[in-house]
Amino acid sequence: MLHSTSYISHMSSPSIGKSILLAKCPKCRKGEIFSVSLYSYYKLTDIKKRCDVCAANLLPEPDFYYGAMYISYAFSVALFINVMIVLNVFFDDPELWVYIVSVVGANILLLPFMQRYSKVLYLYGLGKLKYSPPYNQQG
């Protein structure tokens, strides 16, 4: 009976993809990583020092999140390539100013999301916080 209880609690745990998408703590996958909502532009990328649910340290060392710039850069390059492909396919090779305005506009529009999720991915990938579900241990 203990085995089935562990299985059920494991099945109800949040997935890693959903936890990353919702910017949840990598250790408990329930607490928020950021102090403000995704739709708030005030302190958008400020990360909490500790998780409210499991008290995990979300700031492992000073300047830990500088490495997230590489992920943010990769997001920008991917966005640039996708905008260029869409413009070439759907608008039959437009003028240079259309490319520039489209790429700059898309980067400005998506910059807060790219910065935020680059930090989330960096924390999940290199933060050394592994998921540890609170199993109910009975009898």
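Let's start with sulfur. The sulfur of Cys25 sits 3.7 Å from the closest cysteine sulfur, which is in Cys54, and that is too far for a bond. This is a predicted model, so read the distances that way. Cys25 itself is buried, at 0% relative accessible area.

Now the second pair. Which cysteine sulfur is closest to that of Cys28? The one in Cys51, at 3.6 Å, again too far for a bond. Cys28 is buried as well, with 9% relative accessibility. Over the whole structure, the search finds zero disulfides. The cut-off behind that call is 2.5 Å between sulfur atoms, so neither 3.7 Å for Cys25 nor 3.6 Å for Cys28 qualifies.

Next, the overall layout. The chain has four helices and zero strands. Along the sequence the pattern reads α-α-α-α. There are 139 residues, and 32% of them count as buried. Now contacts. Take those between residues at least 6 apart in sequence: 58% of them join residues at least 24 apart. The accessible surface comes to about 9500 Å². Carbon and sulfur atoms account for 65% of that surface.

On to charges. How many salt bridges does a search of the whole structure find? Two. In general, side chains of opposite charge can pair when their charged atoms come close.

Here is one pair: Glu32 with Lys24. The closest N and O atoms are 2.5 Å apart. Lys24 is buried, with a relative accessible area of 16%. Glu32 is partly exposed, at 34%.

Here is the other pair: Lys48 with Asp52. The closest N and O atoms in this bridge are 2.5 Å apart. Is Lys48 buried or exposed? Buried, at 18% relative accessibility. Asp52 is exposed, at 59%. So in this bridge a buried lysine meets an exposed aspartate.

Let me turn to helix α3. It runs over residues 68-91, which is 24 residues. From the first C-alpha to the last, α3 reaches 34 Å. That is close to the 34 Å expected at 1.5 Å a residue.

Which residues of α3 are buried? Ala68, Ser72, Leu79, Val83 and Leu87. Look at the numbering of that list. An α-helix has 3.6 residues a turn, so residues three or four places apart point the same way. What covers the buried residues of α3 includes α4, residues 96-126.

Now the surface. There is a nonpolar patch made of Tyr73, Val77, Phe80, Ile81, Ile85, Val86, Val89, Phe90 and Phe91. Together these residues have about 920 Å² of accessible area. One of them, Tyr73, lies in α3. Tyr73 is exposed, with a relative accessible area of 57%. Patch members need over 30%, so Tyr73 clears that cut-off.

What comes just after α3? Asp92, with a positive phi of about 50°.

To recap. The predicted chain is built from four helices, with zero strands. Two salt bridges turn up, and zero disulfides. Helix α3 has buried residues, including Leu79 and Val83, and α4 is part of their cover. The surface carries a nonpolar patch of about 920 Å². Happy to go back to any of these on the structure.

How values were computed: Residues are numbered from 1 along each chain as its sequence is written. This is a predicted model: local features need pLDDT of at least 70, side-chain atom pairs count only at pLDDT 80 or more; totals for chains, interfaces and linings use all residues. Side-chain values use heavy atoms; hydrogens and water are left out. Helices (H or I, at least four residues) and strands (E, at least two) are DSSP runs, numbered from the N terminus. The expected span of a helix is 1.5 Å times one less than its number of residues. Buried means under 20% relative accessible area, exposed over 50%, partly exposed in between (1.4 Å probe, protein chains only). Contact means heavy atoms within 4.5 Å. A salt bridge is a side-chain nitrogen of Lys or Arg within 4 Å of a carboxyl oxygen of Asp or Glu. Accessible areas come from the Shrake-Rupley method with a 1.4 Å probe; for residues, only the protein chains shown count as cover. Patches are made of residues with over 30% relative accessible area and no salt bridge: like charges are joined within 9 Å, nonpolar side chains (Val, Leu, Ile, Met, Phe, Trp, Tyr) within 5 Å.
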